[in-house]
Amino acid sequence: MNDRAGHRRARRLAIGTAVVLALAGMNGPWLYRFGTEKYHQYQINKPEYKAENGKWEILDFPEKYRQNTIHAALLRTGKVLLVAGSGNNQDNFDAKKFDTRIWDPVKGTIKKVPTPSDLFCTGHTQLANGNLLIAGGTKRYEKLKGDVTKAGGLMIVHNENPDQPITLPAGTKFTGKENGRTFVSKDPVVVERATKVFDKTTGKFLRNDPGLGRIYVEAQKSGAKYETGTQDNYRIQGLTGTDARNTYGIAQKLALDKKDFQGIRDAFEFDPIAERYIKVDPMKEARWYPTLTTLSDGKILSVSGLDDIGQLVPGKNEVFDPKTKKWTYLPKVRQFPTYPALFLMQNGKVFYSGSNAGYGPDNVGRVPGIWDVDTNKFTKVPGLSDANEMETSGTLLLPPAQDEKYMVIGGGGVGESALSSNRTRIVDMKADSPKFVDGPTLEKGTRYPQASILPDDSVLVSGGSEDYRGRGDSNILQARLYHPDTNTFESVADPLVGRNYHSGSLLLPDGRVMFFGSDSLYGDKANTKPGVFEQRIEIYTPPYLYRDSRPSLSGGPQTIARGASGTFTSPQASVIKKVRLIRPSASTHVTDVDQRSIELKFTVSGDKVKVTVPENKNLVQSGWYMLFVDDDQGTPSKAQWVRVP
């Protein structure tokens, strides 16, 4: 811009501001706000502002394509899978209206995809073949205490027969020996046979340990008079002979208390080429709010969740084998709260940061540490600040992944607590004795922060709310770039849409970041109006895309093995300073354990860039990745998709 043009702009700005202020004085607050907003829009759209702060824009899909997006994953086609299931809407659930959309960020198109089950609050992770594994979801919505009309709860069925299991169909009736009340099962249950226990020294038979089955039962009729207050043994109607002698139920209080959500066992692979769900073997356990994490051997670990009777799965974790499409239990139990943040480390063990999304006792499975899945040994990691405020916190593996440093962001108290943390905590897992240290603080206590790794090694941290589910109009309209090299936050442009519960973000192949969802409990500051689910998608364009030019990348192989190299073409090869391999996100409930950015070594010759993939299979898990190159200004190319077999 020449001096004369700059002079004109300054003069227009001064005149415009003066007019706004003068009119405000004559016409009061409304016109002042109107003028101020116009001025704000002018300011944030200036090229120099966008080059420093980036820009936000809202994508408002046609009404027929809108949905309550709960889950989002970037597919290897560059399209985004948006999953609602019933979308936290009881009416949708009752009508079996389950929604999925696929959005193409390049063409701007969106289409509906048939959804086979209620995948609301499911778990998901990227597979080596480029499919997305999806497991769990919703069998029944919660019922608050005042809405429960039939007394009910958990019945533990015992089978003392060591020779065979027993199957009880849905509708089985249980009658209390002391209280005389009858309760009916809602689902079938298989109760495994009893285990014979022998003395290890003498070999003498000691006893039969009964096989156990868990089932939800409820009274046949409505009313408080059918509640029970204490434990009782229950006779199972319809059984005869040895079955009647060996099989019985035991239940604690069966009451009109709140009934939590119930999970499903269903599992699917989503095929991004065919753009459809493919049913695979169901999980051993029903799960609602589970975490799926890839292990060292390529199998997928499924952890936690509420089961098919609304109870926290009691530490019974399982793995999915992508080759056989089957699930098997781990031999030992370990319990976590729902949606625990679990990351595969370079040594093959699993790091648990303590981040989670809610359900579970406040004193079980909430301490961060290193989990050896093979031996079930768990080593605690000390130093976590605000340790009682880890629910709804976010965790990510900071870039580059080789450094093995994790950041935990914000969080809140257990349940519907108003507590929220403004802390960030960083742990170096390569240290001799890893421990958390505080990083830079956030301006406000922040639940539900969204965090996305960018190709220039910065991390975009945005949104969240100060209180539970945005209560009290507490959404945080702020965004920051975290710089791992300096351990500092930098303020950037503010988002336009508040995001709290049921929201998330993910990096797109063009270097922008997509934000989805938000499910405020209330719609006003006084907490008197019900909230409305946020269906708008928002896109953040980082400052690096407002520079004069960006490097390009073309050619090269689509597959590069670990330890091998591939050569790409870039006219800007001489100014390339970084190469990053970024795993596509699968995000929900402040949980995105897939996200990682791996540094690639590279050499340049003319317009050729030769990149080499690290050999560690735990660092570079098999699958599809986005390959970015950054120039000497920190400006990234658009991504090339590369498969690591």
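## From one glycine to the sheets, cores and rings

The place of Gly369 is in strand E28, and this residue makes a convenient starting point for a walk through what is a predicted model. Gly369 has a relative accessible area of 0% and is therefore buried, since a residue counts as buried when that area is under 20%. Leaving aside residues up to four places away in sequence, Gly369 touches Val350, Phe351 and Tyr352, and also Phe378, Thr379, Lys380 and Val381. Its C-alpha atom is separated by 11 Å from that of Leu384, a residue 15 places apart from Gly369 along the chain.

The strand that holds Gly369 belongs to an open sheet of four strands, ordered E26-E27-E28-E29 and paired in the antiparallel sense. The edges of this sheet are strand E26, residues 342-344, and strand E29, each of which pairs on one side only. From one strand to the next, the twist averages 25°. Strands of a sheet pair through backbone hydrogen bonds, and the pairing may be parallel or antiparallel.

On one side, strand E28 is joined by three bridges to strand E27, residues 350-352, and the two run antiparallel; here Val350 has Trp371 of E28 as its bridge partner. Strand E28, residues 369-372, also pairs with strand E29, residues 377-380, in the antiparallel sense and over four bridges, and in this pairing Ile370 has Thr379 of E29 as its bridge partner. E28 and E29 form a hairpin with four residues between the strands, and in that hairpin Asn376 takes a positive phi near 70°.

Phe351, already met as a contact of Gly369, leads onward to the largest nonpolar core, which has 35 residues and in which Phe351 is among those with the most contacts, together with Tyr406, Met429, Leu581, Ile598, Val620 and Leu627. The elements that give two or more residues to this core are strand E31 (405-409), strand E42 (576-583), strand E46 (608-612), strand E47 (623-631) and strand E48 (640-644). Within this group Leu581 may be followed further: apart from residues up to four places away in sequence, Leu581 touches Arg596, Ser597, Ile598, Leu600, Val620, Tyr625, Met626, Leu627 and Val644. A second, separate core has 31 residues, including Ile110, Leu454, Val492 and Tyr544.

Aromatic rings offer another route through the model, for a search of the whole structure finds 25 aromatic pairs. In one of them, the rings of Phe120 and Tyr141 have their centres 5.7 Å apart and their planes at 20°, so this pair is stacked. Because Phe120 lies in the loop between strand E5 (109-112) and strand E6 (123-126), while Tyr141 lies in the loop between strand E8 (138-140) and strand E9 (152-159), the pair ties together parts that are 21 residues apart in sequence. Phe120, with a relative accessible area of 1%, is buried, and Tyr141 counts as buried at 6% relative accessibility. In another pair, Phe320 and Trp327 have ring centres 5.0 Å apart and planes at 50°, so the pair is tilted; both of these residues are buried.

Phe120 and Tyr141 also belong to a cluster linked by ring pairs, whose other members are Phe93, Phe261, Trp288, Tyr289, Tyr339 and Tyr359. A further arrangement involves a charge and a ring, with Arg140 lying over the face of Tyr216, at 5.1 Å from the ring centre.

Notes
Residues numbered from 1 in each chain as written. Predicted model: local features only at pLDDT ≥ 70, side-chain atom pairs only at ≥ 80, totals over all residues. Heavy atoms only, no water. Pairing = 2+ DSSP bridges. Axes fitted to C-alpha atoms, helices over the stretch in contact; angles between N-to-C directions. Buried < 20%, exposed > 50% of the residue type's maximum accessible area, 1.4 Å probe, protein only. Contact = heavy atoms within 4.5 Å. Core = buried A, V, L, I, M, F, W, Y, C linked by side-chain atoms within 4.5 Å. Phe/Tyr/Trp six-rings, centres within 6.5 Å; stacked < 30°, edge-to-face > 60°. Lys NZ or Arg CZ within 6 Å of the ring centre and 35° of its normal.
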